[in-house]
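Okay, thanks for coming, everyone. I'll put the structure up and then walk you through a few spots in it.

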Amino acid sequence: MRCCPEAMTLQTRRTLLKAMGLAALTACSPAGADTSGQGGVLALDWALAETMIALGKTPAGIVAAEDWKRFVVDPELPRKTADLGLQQELNFELMAALRPDLILISPFLEHLKPKLDRIAPSANLSVYDPGEVPLGQRVNVTRKLAGLIGAVSAVDDYLLDLDALREDIAGRLSRLRQRPILMVSFIDDRHARIYAGSSLYADAMAWLGLKNAWRRPAGYFGFSTIGIEELATQEDVELIAVEPVQPDISRALAESPLWTRLPFVSAGHHGTIPPVFMFGALPSARRFADLVIAHLEERWG
Amino acid sequence: MERALDPRLLSAALFGTALTLGTLLLYGPAQGLFATGTLDQEFQNLILVHATLPRLAMCMLCGAALGISGAILQQVLRNPLAAPDTLAVSAGARLSLGLVTLFAPGLFGLGRDVIAIFGAVVSTAIVLAIARARKYSPISTILAGLVVSLYCGALSTILILAKDRYLVGLFIWGSGSLSQQSWQPAIDLAMRLAVLMVPLSLLMRPLAVLDAGPELARGVGVRIERVRFYAIGLAVLLAAFVTSAVGVIGFIGLAAPALVSLGKLRRFPARCIWSGILGALALLVTDLGVQLASGKAGAFIPTGAVTAVIGSPLLLLLLSRLRTRTHQDAVGEPALKLQPSGRRWGLPVNLAIGAGLLAVAILLLLLGRAADGSWQVLSAHAFSDVMPWRVPRMLGAAGAGSLLAVAGYILQRVTQNPMASPEIMGVTAGAVLGAAATLFFIGTGYSLGLAASTVIGSFLAILLVLAISMRRSAAPERVLLAGVALSALADALVGLLMSSGSPSAVLLLAWMSGSSGGAGLGAAVATIMAALTLLGVSMLGARWLAILPLGGTTAASLGVPVTRSRILLLILAAVMTAIATPMIGPITFVGLMAPHAVRLIGIRRVTTGLALSALVGAFLMILADTLARTIAFPIQLPTGILASLLAGPILLYLVAQEGRRT
């Protein structure tokens, strides 16, 4: 940081004069008017970004790129994709400098639309509206997105591929003795999130034909926060926790007499799968399906 | 007005309520307990024995510990508003647990208790160090506690924003859920509390002697300083153990002893014990209610946030009792030292300072980072892309900063309290509540609605503040305490909403952290214009501002309409705060720090003080804005939070300097 003021002094006088003149001028003219920039698509929602990548397109920029590896994992983030900062605190300067043609947003960024319009047109796509069939809304979003980014030819192949995956998994599942599934992620040693409704996990489970053991309502995003004691059920269920599970959580559970005496726990019907992005679209559903079937074949086989 | 409210009666009533609610909750499950049985019954028993019953035990332990902790603090500090919450004990514990969760989870090996106690001790020590400069006067102590709490909150917020996906747990913990799955945590806590009962029983007598006043206590051989030290340490330990076991349980530690003190119990040991009993029962009743309600609604409700939501209005009610309790204390509020050395700056000096700051501001405006992260002075060809974003955010931040600084200057003079600031007036809390209401009840897609509800929220808060300040008995400091209650309410409600885990909660958090990024030029220019206009308006009140700090009687004899001038100046400060908040968020400490800096320089003239406050405030925000957009590039940090991180330590330094002088 210290080096900069020095570097600055060399240019100061010239840039200063320009700054004062130009700042006044440019502030009034729409920034997006100049189309000589790099172009490309900014995906401000990870679900839309992963869908783009799965369709073979590289987003010019996404939010919180640093965390992608931990939460989305697969598909891998292309190296050329720029990091636009936090979703709640977007780097508008950088976004403007990238001169995109299109900005993809979720309904949760809709309030930023007037600001984004100064950079490029934006399209609002939601994976959370309830679909007619399992994964239906996520398929719709994928098709719409493909139309917007010019990947229509890729989308049919992708969806066919996905159908093939489901048939393969359905075949593998039919050879197993199935139990209803409790899909959770542990928050701390006393609380968990449980997934149902339109959440990615529950949607993908329904798509695979797996039964969800959680029947209580779960809110717009399809999850609710519960005390771990509320997981207590005497049904013969299979509990799957999405990683990461902090070490002190497993220790606390192992010491809880309530937990250890639950029928499904004492029967050993619980385990974990690697992280899957919980607000994801079809690529995450795919990753989830692969991980869950591998997990279940190991447990139920 | 002063009605005796026997804590024994109150306890009996609470006990009855607890019994009723408990029966409702437990009747079904308990029936099966002795039935030999089916698998179903055995299973129900399992939940009853290992989840429901330990939870009830936990409630009573935590409530009792907090009640006793509050009773000790109120006794030692001679302050009816002292409590683990108001002295930032819980906030410090919460922040240190959050820091450890994120950066050094390995330290949990030491035990959560150690970490919580460390944070609690540090934050309490800071509060008491500030309060010491003001001779532990009740209001200054509480204000110092609030400032430190807000500061811890700001730090927690930036952690959550930057790493939000990990910290859902911190939210739940922060809002105090009592959910249990085994007896172990309750047993652990009980043993810790049992050990603490030994020093408590030893301290009972010396603490009781304090009732007779410091001189008498010294006369019978009580070493007051030492008793104070141990007693505060004990109270901090009690609260920290609870915080590390279940999280932050708001207001029990304030309410229980405060309710007991309304009664006619003369002796401290009785008050202390009844505070414990009342605390235990109050938390038990609240939690039984929460369990019954959340069972029906299927929603997750952390009990600690509920007690805080109930407790903040209680704090407002207690304000009316404050005077009756404090007059017996010999400790008066030392008057604000307003004219330390008295320095007079002529116009040339002012102009030079202004020009210098402007030059630096322009340099900062040009400083930025390229897409690859390298530092650069803006290249000419990038102007059309970058400046339309950078100019408005800097102008907006500067305007908002000067608004808050002037508001703070006015407030500190009107209330004669150096810890007064717009943040603690409750106006920003009103704005937060307005924004929260819009985000959760209407939806996220309406930026216009958000802006409108923010303004409405601020003005409702202003009305409340005015209603309180209109009451004849109301001292200006009471206005600040009403703000404290409002802020606590906003904090609790936000915590409650956050633990729902919905993404609109994250939006609210972003809004609260004060993001000037993306501001439009129109809004920025409007903020600057408002700042200049209202600075001019405040200059009109310069005479009032000069005379009011001399005290009501003197001011009246000099022909100042005391009540009317106070109200008008309060309105002015509130309006300035309401305009600034949407731009940079509710917490910046600029309004607190800028007037301190001006006073420390030794500015005597009010007009110079106002102008210089505005300059310092604007400049501090420009600096914060530049840092916010560059230090973590490409990540943009919230300007408001960065300003508070910048201003907080400076503020502590200034306050310490002032303390040394007095």
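So, start at Val242(A), which stands opposite Ile273(A) in β12(A). A bit further along, Ile240(A) has Gly271(A) as its bridge partner in β12(A). Those belong to a set of four bridges joining β11, residues 238-242 of chain A, to β12(A), and the two strands run parallel. When I say strands pair, I mean DSSP finds at least two bridges between them. Helices are DSSP runs of H or I with at least four residues, strands are runs of E with at least two, and both are numbered from the N terminus.

Before I go on, some housekeeping: this is a predicted model, where local features need pLDDT of at least 70 and side-chain atom pairs count only at pLDDT 80 or more, while totals for chains, interfaces and linings use all residues. Residues are numbered from 1 along each chain as its sequence is written, chains are lettered from A and ligands numbered from 1 in the order in which they are written, and side-chain values use heavy atoms, with hydrogens and water left out.

Back to β12(A), residues 270-273. Which of its side chains are buried? Gly271(A) and Ile273(A), which point to one face; His270(A) and Thr272(A) point to the other face and are not buried. Buried here means under 20% relative accessible area, exposed means over 50%, and partly exposed is in between, with a 1.4 Å probe and protein chains only. In a regular strand the side chains alternate between the two faces of the sheet.

Now zoom out to the sheet. Five strands of chain A form an open sheet in the order β10-β9-β8-β11-β12, with mixed pairing. β10 (223-227) and β12 of chain A are at the edges with a single partner strand each, so one side of each has no neighbour in the sheet. From one strand to the next, the twist averages 35°.

What packs on this sheet? Helix α12 of chain A, residues 282-300, does, touching β8, β11 and β12 of chain A, and its direction makes about 150° with that of β12(A). There's also helix α8 of chain A, residues 200-208, lying across β8 (181-186), β9 (191-195) and β11 of chain A and running at about 160° to β8(A). Contact means heavy atoms within 4.5 Å. The axes are lines fitted to C-alpha atoms, for helices over the stretch in contact, and angles run from 0 to 180 degrees between N-to-C directions.

For chain A overall, there are 12 helices and 12 strands. Of its 301 residues, 55% count as buried. Among contacts in chain A with a separation of 6 or more, 63% come from residues 24 or more positions apart.

Next, a helix pair in chain A: the axes of α2 (residues 46-54) and α6 (residues 136-149) come within 10 Å and cross at roughly 65°. That makes α2(A) roughly perpendicular to α6(A); the cut-offs are under 35 degrees for roughly parallel, over 145 for roughly antiparallel, 65 to 115 for roughly perpendicular, and oblique for the rest. The crossing of α2(A) and α6(A) is right-handed, meaning the near helix is turned clockwise from the far one by less than a right angle; anticlockwise would be left-handed. On the α2(A) side the contact uses Leu48(A), Thr51(A) and Met52(A), and on the α6(A) side Val141(A), Thr142(A), Leu145(A) and Ile149(A).

Just ahead of that helix is Leu135(A), in the loop between β7 (122-124) and α6 of chain A. Its phi is near 65°, a positive value in a residue other than glycine. Leu135(A) counts as buried because its relative accessibility is 1%.

One more from chain A: Asp74(A) and Pro75(A) are joined by a cis peptide bond, omega about 5°. Pro75(A) is in the loop between α3 (65-71) and β3 (82-83) of chain A.

Chain B has a cis bond too, from Phe633(B) to Pro634(B), with omega near 5°.

Last stop, Ala235(B) in helix α9 of chain B, residues 224-246. Buried or exposed? Ala235(B) counts as buried, because its relative accessibility is 0%. Leaving out residues up to four places away in sequence, Ala235(B) touches Ser69(B), Ile72(B) and Leu73(B).
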